Amino acid sequence: MKKIAILYWGKGGNVEKAAKVIFNQFDPQTTDLFALDSINTNSLTGYKLVILGGSTVGAENWEETTNDNRWNHFFREIENKDFSGVTFAVFGLGNQVLYPANFVDALGIFHEAISKTGARIIGAWPTVGYKFTDSDGLQKDSFYGLALDEDTQPDLTLERSKQWTDILKKEMKF
Ligand SMILES: Cc1cc2nc3c(=O)[nH]c(=O)nc-3n(C[C@H](O)[C@H](O)[C@H](O)COP(=O)(O)O)c2cc1C
């Protein structure tokens, strides 16, 4: 059993690209990378660290437009499992120029859904270096997890991912 699982959705775009960048910061011997459609949620409780990544598409009407999306399905599935030995962290893709009032909102949705399982969540990330007006992904002065903007700041993705995964490794004592 490996130590770290990175789960992302959707496929073929910026989220998958970022998930691979994040995966590459860890030892492949101890890390698994899954698209959400290829994960058996029963196996998740065996990991030490589970990293979830997705994008924000649909602004404030996530519930409406994506009620039956794969993330909601996933969160319903994991709600009643025992994640007491598992730590979670989240990353989110967004576009701060086109959606400054809803930048990486999904981080907040992820955080709330994971909180319901009672699992520990790490990986808060400072808002320095981004320009936006509001986000549901905010917890006081930090994001709930790593915010990435491949649309308008693609050059920063690698460095941000390195710094963020260093924080996770330190926190997890990996
Ligand atoms: C219809 C649509 C709605 C979007 N809404 C938001 C939004 O509310 N907030 C945000 O930060 N980004 C928003 N974005 C930007 C995406 O999150 C961003 O382009 C992301 O990198 C897409 O990831 P993907 O290529 O894996 O789909 C939106 C993009 C689209 C196409």
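Q: Let's start with the strands. Which strand does β4 join through two bridges, and do the two run parallel or antiparallel?
A: Happy to begin there, and please keep in mind that this is a predicted model. As a general idea, strands of a sheet pair through backbone hydrogen bonds, and the pairing is either parallel or antiparallel. Here β4 is joined to β5 (residues 120-121) by two bridges, and the strands run parallel. Within that pair, Thr87 has Arg120 of β5 as its bridge partner.

Q: Which sense does the pairing of β4 with β3 have, and over how many bridges?
A: β3 and β4 pair in the parallel sense, over seven bridges. To find the register on screen, look for Val50 opposite Phe88 in β4, then for Leu52 opposite Val90. β4 also pairs with β9 in the parallel sense, over three bridges, with Leu93 matched to Leu148 in β9.

Q: How many bridges join β1 to β3?
A: Five bridges join them, and these strands run parallel. Leu52 appears again here, as the bridge partner of Leu7.

Q: How do I read the two faces of a strand, and which residues of β3 lie on each side?
A: In a regular strand the side chains alternate between the two faces of the sheet. In β3, one side carries Leu49, Ile51, Gly53 and Ser55, while the other carries Val50, Leu52 and Gly54. Every one of these residues is buried, which leaves both faces covered. Seven of the seven residues of β3 are buried, so the strand is largely enclosed by the rest of the structure. For β4 the count is six of the seven, so β4 too is largely enclosed.

Q: Where are the buried residues of α1 placed around its axis?
A: The general idea is that an α-helix has 3.6 residues a turn, so residues three or four places apart point the same way. In α1, the buried residues are Val15, Ala18, Ala19 and Ile22. They cover an arc of only 105 degrees around the axis, which puts them on the same side of α1. The buried residues of α1 pack against β1, β2 (31-35), β3, β4, β9 and α5.

Q: How many residues does the largest nonpolar core have, and which have the most contacts inside it?
A: In soluble globular proteins, nonpolar side chains tend to be buried together. The largest nonpolar core in this model has 43 residues, and Ile6, Val50, Ile51, Val90 and Leu107 have the most contacts inside it. Among the elements that give two or more residues to this core are β1 (4-8), α1 (14-23), β3 (49-55), β4 (87-93) and α4 (106-115). Leu107 is a good one to click on: beyond its neighbours within four places in sequence, it is in contact with Val90, Gly92, Gly137, Phe143, Tyr144, Gly145 and Ala147.

Q: What is the strand order in the open sheet of three strands?
A: The order is β6-β8-β7, with antiparallel pairing. The edge strands, β6 (125-126) and β7 (138-139), each pair on one side only. Two bridges join β7 to β8 (residues 142-143), and one pair to look for is Gln139 with Ser142 in β8.

Q: Finally, how many residues surround the ligand, and which are the closest?
A: There are 19 residues around the ligand, with Gly13, Asn14, Val15, Gly94 and Tyr99 the closest. Sorted by class, this shell has seven nonpolar, nine polar and three charged residues. Val15 links back to the helix we looked at, as one of the buried residues of α1.

Conventions
Residues are numbered from 1 along each chain as its sequence is written. This is a predicted model: local features need pLDDT of at least 70, side-chain atom pairs count only at pLDDT 80 or more; totals for chains, interfaces and linings use all residues. Two strands pair if DSSP finds at least two bridges between them. Helices (H or I, at least four residues) and strands (E, at least two) are DSSP runs, numbered from the N terminus. A nonpolar core is a set of buried Ala, Val, Leu, Ile, Met, Phe, Trp, Tyr and Cys residues joined through C-beta atoms within 7 Å. A residue is buried if 20 or more other C-beta atoms lie within 10 Å of its own, exposed if 12 or fewer, and partly exposed in between; C-beta atoms are placed from the backbone. Two residues are in contact if their C-beta atoms, placed from the backbone, lie within 7 Å. A residue is near a molecule or strand if its C-beta atom, placed from the backbone, lies within 6 Å of it. Ala, Val, Leu, Ile, Met, Phe, Trp, Tyr, Cys and Pro count as nonpolar, Asp, Glu, Lys and Arg as charged, and the others, Gly among them, as polar. The arc is that of the directions from the helix axis to the C-beta atoms.
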